[in-house]
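This report is written for a reader who has not met this structure before. It starts with one strand and its sheet, then turns to the contact between chains and to a single helix.

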Number of protein chains: 2
Amino acid sequence: MDFISKLQKIWEKNNSLLCIGLDPDIDKLPDSFKSSNNPLFEFNKAIIDATADLVCAFKPNSAFYEAHGAKGIEELKQTFDYIRSDYPDIPLILDFKRGDIGNTNNFYAQFAFDYLGVDAVTVQSWQGREAIQPFLDIKDKGIIVWCKASNEGSGEFQDLELNGKKLYLQIAENVSKEWNTNTNCLLVVGATYPSELKEVRNIVGDNMVLLVPGIGAQGGDTEAAVKASVNSKGDGVIINSARGIIYASGGQDFAEKARAKAIETRDLINLYR
Amino acid sequence: MDFISKLQKIWEKNNSLLCIGLDPDIDKLPDSFKSSNNPLFEFNKAIIDATADLVCAFKPNSAFYEAHGAKGIEELKQTFDYIRSDYPDIPLILDFKRGDIGNTNNFYAQFAFDYLGVDAVTVQSWQGREAIQPFLDIKDKGIIVWCKASNEGSGEFQDLELNGKKLYLQIAENVSKEWNTNTNCLLVVGATYPSELKEVRNIVGDNMVLLVPGIGAQGGDTEAAVKASVNSKGDGVIINSARGIIYASGGQDFAEKARAKAIETRDLINLYR
């Protein structure tokens, strides 16, 4: 099933727009994992089992696995394999923000879709559509373009004005009008920028899904982010939280506390959609 | 030794501005490698042994290894370990074009510098300086910012004008004036855009090193690229060729032909610097 259809089904089934970022930092895991052979995977597995009925997607960020080299990549694959096997209706997003020239992007796509078997990936806009075409050509996968980042300094280039229009809005316009011929594009806009979220929603209309990271540890206000980003049907968004949920407790009750935090976050999102 | 010092020494020792891109595509390797346990590494090793006295750097692109998952990452590490052990004076560049928010970039830096042990990496500009600071803080490593890409469609955003100034020039300006407090920044500008190369050189002055990909298979004209990019001392650039050299022959003479092509390319670069 294509990514967008899978997402629509799970939005309904789990009544949730919440995505959990599986970004395990070995230094922050409960002590019991530190002697595990597969600490990243084992931690993820506990979080997944505790929250799978509460989410619309899981989104591991590649960096947290690459930091451990080949072993980390194995655990990233174990994580995706586990979700696909035990929770097959949950869409899998690989947050790897790749972008290179076209020939090279073919190989990044192999990593994501052939090796890891994910449903969607995040990519850069910088190289332009021509170079990202190997991703865009894969019709059943979600191609999520980094548009307005959640970090404090993201405006250095993203907010520059070109003929009165800020660059991230130009990206939203090009992606929605020109890149999206297979209707498989999404955009990333940070929850930390609700007014920018609203502008992007206005540009892309009701149908494009937005991935919204930055509630939780990054400080984005959930009410403002949800109200600004949902479409007229009250969906069309994937709201991501990572550290705020997975490290809700650093003790042996981490999974239980992650579940409680995920319920609270899902319900808060639903209150404002 | 820091990256820039290592580079200056090898420019002189090997009298070469040529960098070879170690981007092994399994479908293009000579048949003899297809049954190897470590085809990417074994192919690289043959290319490295045949060309190490002709180059100023080796630059594997991460995508070609990631396509093979954890096994590919192992072979990427084998490749860097081999060069570091047998050719310790050759700088190692990991072309991975990473860019994310700051907390995440810490983990990408661990992959590059702690796990793989490279001397320099390529990064994205899009997220702004604040987010790339974990890279910029590592004073002895080269942080090579993707400024003007070599691909045909790179102008979609990079050539947009802000008050008459194109975006890639704004990036060159910010990186050279604001990001480079540790004098460890470089810029990537494609060989396929010689007039843009010249503009960037004029903005950054004599001291910043430019990484220039796109001669060879991508069609960049060597004479034009070299003349536009060298500084007033006739150096300050790393000119990269990958496919044009490593696939000079698809037969058993691939290493010998790669050496011949590397000599030809090095000499052509030296003719015009």
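In this predicted model, strand E4 (residues 120-123) of chain B is covered on both faces. Ala120(B) and Thr122(B) lie on one side, Val121(B) and Val123(B) lie on the other, and all four are buried. In a regular strand the side chains alternate between the two faces of the sheet.

E4(B) has a strand on either hand in the sheet order given below. Strand E3 (residues 93-98) of chain B runs parallel to E4(B) and is joined to E4(B) by three bridges. Strand E5 (residues 142-148) of chain B also pairs with E4(B) in the parallel sense, over four bridges. The table lists some of the residues that stand opposite each other.

| Residue of E4(B) | Partner | Strand of partner |
|---|---|---|
| Val121(B) | Leu94(B) | E3(B) |
| Val121(B) | Ile143(B) | E5(B) |
| Val123(B) | Val145(B) | E5(B) |

How does the chain get from E3(B) to E4(B)? The path goes through helix H5 (residues 102-115) of chain B, and this β-α-β crossover is right-handed. A right-handed β-α-β unit is also made by E4(B), helix H6 (residues 129-136) of chain B and E5(B).

These strands belong to an open sheet of eight strands with parallel pairing. The order in chain B is E2-E1-E10-E9-E8-E5-E4-E3. Strand E2 (57-58) and E3 of chain B are the edge strands, each pairing on one side only.

The next topic is how the two chains meet. In the contact between them, 45 residues of chain A touch 45 residues of chain B. On the chain A side, at least two residues each come from H3, H4, helix H5 (102-115), helix H6 (129-136), helix H7 (155-158), strand E6 (161-162) and helix H8 (167-179). H5(A) gives the most, with seven residues. By class, this side of chain A has 18 nonpolar, 17 polar and 10 charged residues.

Chain A superposes on chain B after a rotation of 180° with 0.0 Å of shift along the axis, and the RMSD is 0.1 Å. The two copies are therefore related as by a two-fold rotation axis. Of the interface residues of chain A, 100% are also interface residues in chain B, so the copies meet through the same surface.

One residue shows contacts to both chains. Phe157(B) lies in helix H7 (residues 155-158) of chain B. Is Phe157(B) buried or exposed? Phe157(B) has 21 other C-beta atoms within 10 Å, and a residue counts as buried at 20 or more, so Phe157(B) is buried. Apart from neighbours within four places in sequence, Phe157(B) is in contact with Ser125(A), Trp126(A), Gly128(A), Ile171(A) and Leu167(B). The C-alpha atoms of Phe157(B) and Ala217(B) are separated by 24 Å, and these residues are 60 residues apart along the chain.

The last topic is a helix of chain A. Helix H2 (residues 39-51) of chain A has 13 residues, which at 1.5 Å a residue should span 18 Å. The end C-alpha atoms of this helix are 18 Å apart, so the two values agree. The buried residues of H2(A) are Pro39(A), Leu40(A), Phe41(A), Phe43(A), Asn44(A), Ile47(A), Ile48(A), Ala50(A) and Thr51(A). Their cover includes strand E1 (18-20), strand E2 (57-58), helix H3 (63-66), helix H4 (69-86), helix H11 (243-246) and helix H12 (254-272) of chain A.

Note on methods. Residues numbered from 1 in each chain as written. Chains lettered and ligands numbered in written order. Predicted model: local features only at pLDDT ≥ 70, side-chain atom pairs only at ≥ 80, totals over all residues. Expected span 1.5 Å × (residues − 1). Buried ≥ 20, exposed ≤ 12 C-beta atoms within 10 Å, placed from the backbone. Contact = placed C-beta atoms within 7 Å. Nonpolar A, V, L, I, M, F, W, Y, C, P; charged D, E, K, R; others polar. Least-squares fit on C-alpha atoms with pLDDT ≥ 70 in both. Pairing = 2+ DSSP bridges. Right-handed = clockwise from strand over helix to strand, strands pointing away.
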